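Got the model open in your viewer? Let's take a walk through it, one selection at a time.

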Amino acid sequence: MSSQARKADVHKAIQNTVKDIWDRRDLGNLTVKRVRTRVEEDLGLKDGLLKQEGEWNDWSKEVIRAEAVSTSPLLPPSMMKAFLCINI
């Protein structure tokens, strides 16, 4: 699988995970760490890949934050960004 195809799969999994967390109102699990872990499990990726592997770390953090902000039905973007910064 190419790196671009893999990134597309991870991006889609992040979107689905964040949406699922919002839909269930399970905000305790809306953290960068927990979303990364769930995505790694769902896609069968190596544990810690999205945190420990160079470019994946920053990229996954930004995608998770962007998805959380765009998906949030309850909080304005500035508050959601602050929430995610605290709950990494």
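Start by selecting Trp-56. This tryptophan has a relative accessibility of 9%, so it counts as buried, the cut-off being under 20%. Keep in mind as you go that you are looking at a predicted model.

Now add Trp-59 to the selection. Both tryptophans sit in helix 4 (residues 54-71), 3 residues apart, or about one turn of the helix. An α-helix has 3.6 residues a turn, so residues three or four places apart point the same way. How are the planes of Trp-56 and Trp-59 arranged, stacked or edge-to-face? Edge-to-face: the ring centres are 5.5 Å apart and the planes are at 85° to each other. The aromatic pair count comes to 1.

Before leaving Trp-56, show Lys-7. It lies over the face of the Trp-56 ring, 6.0 Å from the ring centre.

Next, colour the whole of helix 4. With 18 residues at 1.5 Å a residue, helix 4 should span 26 Å, and its end C-alpha atoms are 27 Å apart, which agrees. Which residues of helix 4 are buried? Try selecting Trp-56, Asn-57, Ser-60, Lys-61, Val-63, Ile-64, Arg-65, Glu-67, Ala-68 and Val-69.

From that list, zoom in on Val-63. Its relative accessible area is 8%, so Val-63 is buried. Leaving aside neighbours within four places in sequence, Val-63 is in contact with His-11 and Ile-14. Show Gln-15 too: it is 48 residues from Val-63 along the chain, yet their C-alpha atoms are separated by 8.4 Å.

Ile-14 takes us to the core. Of the 17 residues in the largest nonpolar core, Val-10, Ile-14, Val-18, Leu-30, Val-35, Val-39 and Leu-50 touch the most other members. Helix 1 (3-23), helix 2, helix 3 (49-52) and helix 4 each supply at least two residues of this core, with the largest share, 6 residues, coming from helix 1. In soluble globular proteins, nonpolar side chains tend to be buried together.

Pick Leu-50 from that group. Not counting residues up to four places away in sequence, what does Leu-50 touch? Its partners are Val-10, Arg-36, Val-39, Glu-40, Trp-56, Asn-57 and Ser-60, which brings you back to Trp-56.

Last stop: colour by pLDDT. The chain averages 83, and 76% of the residues score at least 70. Among the elements, helix 2 (residues 32-43) has the highest mean, 95, and helix 5 (residues 77-86) the lowest, 61. Where pLDDT is low, the predicted coordinates should not be read in detail.

Technical notes. Residues numbered from 1 in each chain as written. Predicted model: local features only at pLDDT ≥ 70, side-chain atom pairs only at ≥ 80, totals over all residues. Heavy atoms only, no water. Phe/Tyr/Trp six-rings, centres within 6.5 Å; stacked < 30°, edge-to-face > 60°. Helix = DSSP H or I, 4+ residues; strand = E, 2+ residues; numbered from the N terminus. Buried < 20%, exposed > 50% of the residue type's maximum accessible area, 1.4 Å probe, protein only. Lys NZ or Arg CZ within 6 Å of the ring centre and 35° of its normal. Expected span 1.5 Å × (residues − 1). Contact = heavy atoms within 4.5 Å. pLDDT = per-residue confidence, 0-100. Core = buried A, V, L, I, M, F, W, Y, C linked by side-chain atoms within 4.5 Å.
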